[in-house]
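These exercises go through one structure piece by piece. Each task is followed by a worked solution.

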Amino acid sequence: MLSNNERLLRSDMFHGLNEDTARRLAALARRRTYMVGEEILVEGEPGVHVIYVASGVVRLTRTESSGRDADIRVCEPGDFIGEYVIALGGNYAHGACAGASSELVLFEVAELRILADKCPQLQRNLLKISARHLLEAFDGIAGDRLHTAAQRVANFLLRQCPEAAPQATFHLPYKKQILAGKLGLGPEALSRAFAALARCGVDVKGRTVRIENVVLLRQVC
């Protein structure tokens, strides 16, 4: 495990660990591949794993009383899921499913907690991961409060454009349903945002996006 996933070893969880602790932590890791749409976690069930996304896309969801699901976060390679159960215990606060074929690394909570109890640096690392998720949640709330759906989509599209390019053509990195969840939008709101941005020269066909005037699109934001 120490040799076949350099990205995991460079992640926040392994930061600053001595070689012995890093080796013991890596020995806890179990790899598993999930296919598109496959359930990974069930909201409300006991939290038994902390998960690292090695490849693919994972959708985190919450379910309201009517049974309707909503995406609350889209996790990509390098992200951790469920680290809060180390400190809080209890059940998962969300569900999770694979938005694409995904390779995940699973750490059993009970074993990880035992190792963390013996290693203050690992405790700090887990706290750092949770703190980063908290700040990302703040950013998401601010985006909801400060930006319209069209502005959120425009900002995302601009991040895909080559620097200083007057025009751009690219493929969306996710299916539109996943993109909507990433931006905190429903699929219908995403479609309306694309329609509104068409007036600014944004043409969307399937997952292919063409931006006629990058400067004009920036003015939307």
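**Exercise 1. Strands E4 and E7**

Task: State how many bridges join strand E4 to strand E7, and find the bridge partner of Leu60.

Solution. The model is a predicted one. Start with the two strands: E4 covers residues 58–63 and E7 covers residues 95–98. They run antiparallel and are joined by four bridges. Next, look at Leu60: its bridge partner in E7 is Ala96.

Now place the two strands in their sheet. It is an open sheet of four strands in the order E2-E7-E4-E5, with antiparallel pairing. At the edges are strand E2 (39–41) and strand E5 (69–75), each of which pairs on one side only. On average, neighbouring strands of this sheet are turned by 35° against each other, direction ignored.

**Exercise 2. The sheet with E3 and E8**

Task: Give the strand order of the open sheet that contains E1, E8, E3 and E6, and say which strands stand at its edges.

Solution. The order is E1-E8-E3-E6, and the pairing is antiparallel. The edge strands are E1 (29–34) and E6; each has a single partner strand, so one side of each is left without a neighbour in the sheet.

Then take the pair E3 and E8. Strand E8 spans residues 102–108, and six bridges pair it with E3 in the antiparallel sense. Within this pairing, Val53 stands opposite Leu104 in E8. Finally, add a helix: H4 lies across E3 and E8 and runs at about 60° to E8.

**Exercise 3. Helices H2 and H4**

Task: Decide how H2 is oriented relative to H4, and list the residues that make the contact.

Solution. Helix H2 takes in residues 19–28 and helix H4 residues 109–118; their axes are 10 Å apart and the packing angle is about 170°. Angles over 145 degrees count as roughly antiparallel. Therefore H2 is roughly antiparallel to H4.

From H2, the contact uses Thr21, Arg24, Leu25 and Leu28; from H4, it uses Glu111, Leu112, Leu115 and Lys118. Sorted by class, the contact has four nonpolar, one polar and three charged residues.

**Exercise 4. Aromatic pairs**

Task: Find how many aromatic pairs the whole structure holds, and describe each.

Solution. A search of the whole structure gives two aromatic pairs.

- Tyr52 and Phe80 are 5.0 Å apart centre to centre, with 55° between the planes, and the pair is tilted. Tyr52 belongs to strand E3 (residues 49–55) and Phe80 to strand E6 (residues 80–81), so the pair ties together parts 28 residues apart in sequence. Both residues, Tyr52 and Phe80, are buried.
- For Phe156 and Tyr174, the ring centres are 6.3 Å apart and the planes stand at 35°, so this pair is tilted. Phe156 is in helix H6 (residues 149–160), while Tyr174 is in the loop between strand E9 (168–171) and helix H7 (176–182); the two are 18 residues apart. Phe156 and Tyr174 are buried.

**Exercise 5. Arg152**

Task: Is Arg152 buried or exposed, and which residues does Arg152 contact beyond its neighbours within four places in sequence?

Solution. First, locate the residue: Arg152 is in helix H6. Its relative accessibility is 16%. The cut-off for buried is under 20%. Arg152 therefore counts as buried.

Leaving aside neighbours within four places in sequence, Arg152 is in contact with Gly143, Asp144, His147, Leu183, Gly184 and Leu185.

Notes. Residues are numbered from 1 along each chain as its sequence is written. This is a predicted model: local features need pLDDT of at least 70, side-chain atom pairs count only at pLDDT 80 or more; totals for chains, interfaces and linings use all residues. Side-chain values use heavy atoms; hydrogens and water are left out. Axes are lines fitted to C-alpha atoms, for helices over the stretch in contact, and angles run from 0 to 180 degrees between N-to-C directions. Angles under 35 degrees count as roughly parallel, over 145 as roughly antiparallel, 65 to 115 as roughly perpendicular and the rest as oblique. Contact means heavy atoms within 4.5 Å. Ala, Val, Leu, Ile, Met, Phe, Trp, Tyr, Cys and Pro count as nonpolar, Asp, Glu, Lys and Arg as charged, and the others, Gly among them, as polar. Two strands pair if DSSP finds at least two bridges between them. Rings of Phe, Tyr and Trp (its six-membered ring) pair if their centres lie within 6.5 Å; planes under 30 degrees apart count as stacked, over 60 as edge-to-face and the rest as tilted. Buried means under 20% relative accessible area, exposed over 50%, partly exposed in between (1.4 Å probe, protein chains only).
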